[in-house]
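This briefing goes through one protein chain by topic, beginning with an open space in its surface and ending with its aromatic rings. Please keep the sequence and the 3D view beside you as you read.

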Amino acid sequence: MGVHKLLKNIEDGKSGKNIGISMGLPDVDKVLYGIQRKYIYTIGADTSGGKTSFGLDVFVYNLIKNAGDKKINILYYSFEMAAEVLFAKLLSRHIWDAYGKIITYEDILSLTRPISDEHLEIVNQCIPWLNKVEKNITIYDKPLTPEAIYGTCKEWLRKFGTFIPINEHKEDYSENDESEYKVAIIDHVG
């Protein structure tokens with residue numbers, strides 16, 4: 001069984017199926033081979049060390065931006081920020097990429113002063129991009145128990161495949177589309 005899987009993997013690699021999606025960090029891509037399917041990535045740092053910003057940039061923004069024709073679906077558990085804050089941060093990143101303008105999420109959400117007409121016009125031009133991103137991501141922004149995380153993740157995965165019982169305590173997962181990226185992010189493990 002292992003040799004068969006290896007040979008299938010070699011065949012897939014020859015046809016380009018094993019090439020990861022760029023993280024947007026060329027030097028890191030060389031070491032980690034981009035974002036790969038069936039890999040687990042863990043980001044750790046001190047409080048306010050930029051874990052959420054890094055994760056949003058690499059595993060959401062750049063994943064969607066650099067996916068090309070690959071199908072991307074993201075399940076994001078945000079236990080510190082509301083969904084609209086996450087979308088505002090992604091929008092801020094997109095505005096920098098698309099327009100070369102720095103409009104912070106604080107500006108977008110008018111947290112310290114009302115957004116300017118000029119910045120609002122740019123935000124409005126980005127609504128189609130926001131709608132596209134929203135189709136690729138499911139966000140849970142309320143505290144959940146470990147059982148609820150397991151249940152919601154399993155429910156989300158059912159949209160893309162089938163769980164097959166093996167025995168009383170074990171099951172396998174069969175994907176509808178093996179090339180599709182399904183990324184689950186847990187932002188803040190307490």
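Strand 5 is the element that gives the most to the lining of the largest pocket, contributing 7 residues. The model you are looking at is predicted, and the pocket in question has a volume of about 1,400 Å³. The points below take up the pockets, then the chain as a whole, its strands, one loop residue and the aromatic rings.

**The largest pocket**

- In total, 45 residues line the largest pocket, and those closest to its centre are Tyr-41, Val-183, Ala-184, Ile-185 and Ile-186.
- The elements that each give two or more residues to this lining are helix 3 (51-65), strand 1 (72-78), helix 8 (146-157), strand 4 and strand 5 (181-187).
- When the lining of the largest pocket is sorted by residue class, it divides into 23 nonpolar, 10 polar and 12 charged residues.

**The second largest pocket**

- The second largest pocket has a volume of about 900 Å³, and of the 22 residues that line it, the closest to its centre are Asp-12, Asn-18, Arg-37, Lys-38 and Glu-178.
- Two elements, helix 1 (2-14) and strand 4, give two or more residues to the lining of the second largest pocket, and helix 1 has the largest share with 5 residues.
- How many residues of each class line the second largest pocket? Its lining has 4 nonpolar, 7 polar and 11 charged residues.

**The chain as a whole**

- The secondary structure of the protein chain comes to 8 helices and 5 strands, and from the N terminus on these elements follow the order α-α-α-β-α-α-α-α-β-α-β-β-β.
- Along its principal axes the C-alpha trace spans about 60 × 40 × 35 Å, and buried residues account for 35% of the 190 residues in the chain.

**How the strands pair**

- Strand 1 and strand 2 pair in the parallel sense over 4 bridges, and one of the places to look for this pairing is Leu-75, whose bridge partner in strand 2 is Thr-138.
- In a regular strand the side chains alternate between the two faces of the sheet.
- Strand 2 (residues 137-140) has a covered face, made up of Ile-137 and Ile-139, and an uncovered face, made up of Thr-138 and Tyr-140.
- Strand 3 (residues 161-167) and strand 4 (residues 170-175) pair in the antiparallel sense over 6 bridges, and the hairpin that joins strand 3 to strand 4 passes through 2 residues.
- Within strand 4, Glu-175 is the bridge partner of Gly-161.

**A glycine in a loop**

- Gly-68 is found in the loop between helix 3 and strand 1.
- Is Gly-68 buried or exposed? Gly-68 has a relative accessible area of 68%, which is over the 50% cut-off, and Gly-68 therefore counts as exposed.
- The C-alpha atoms of Gly-68 and Asn-18 are separated by 14 Å, although the two residues are 50 residues apart along the chain.

**Aromatic rings**

- A pair of aromatic rings is described by the distance of the centres and the angle of the planes.
- A search of the whole structure finds 7 aromatic pairs, and in one of them the rings of Tyr-39 and Tyr-41 have their centres 6.1 Å apart and their planes at 25°, so this pair is stacked.
- Both members of that stacked pair are partly exposed, because Tyr-39 has a relative accessible area of 47% and Tyr-41 has a relative accessibility of 26%.
- Another aromatic pair, formed by Tyr-77 and Phe-79, is tilted, with 6.1 Å from centre to centre and 35° between the planes.
- In the tilted pair, Tyr-77 counts as buried at 1% relative accessibility, whereas Phe-79 counts as partly exposed at 25% relative accessibility.
- Ring pairs also link Tyr-39, Tyr-41 and Phe-59 into a cluster, and Tyr-41 has already appeared among the residues closest to the centre of the largest pocket.
- A charged side chain can be found beside a ring as well: Lys-154 lies over the face of Phe-163, at 5.0 Å from the ring centre.

Methods: Residues are numbered from 1 along each chain as its sequence is written. This is a predicted model: local features need pLDDT of at least 70, side-chain atom pairs count only at pLDDT 80 or more; totals for chains, interfaces and linings use all residues. Side-chain values use heavy atoms; hydrogens and water are left out. Rings of Phe, Tyr and Trp (its six-membered ring) pair if their centres lie within 6.5 Å; planes under 30 degrees apart count as stacked, over 60 as edge-to-face and the rest as tilted. Buried means under 20% relative accessible area, exposed over 50%, partly exposed in between (1.4 Å probe, protein chains only). A charge sits over a ring if NZ of Lys or CZ of Arg is within 6 Å of the ring centre and within 35 degrees of the ring normal. Two strands pair if DSSP finds at least two bridges between them. On a 1 Å grid over the protein atoms alone, a cavity is a set of points where a 1.4 Å probe fits but cannot get out, and a pocket is an open set with protein on both sides within 12 Å along at least five of seven lines; lining residues have an atom within 4 Å of a point. Grid points are joined across faces, edges and corners, and a volume is the space filled by probe spheres set on the points. Ala, Val, Leu, Ile, Met, Phe, Trp, Tyr, Cys and Pro count as nonpolar, Asp, Glu, Lys and Arg as charged, and the others, Gly among them, as polar.
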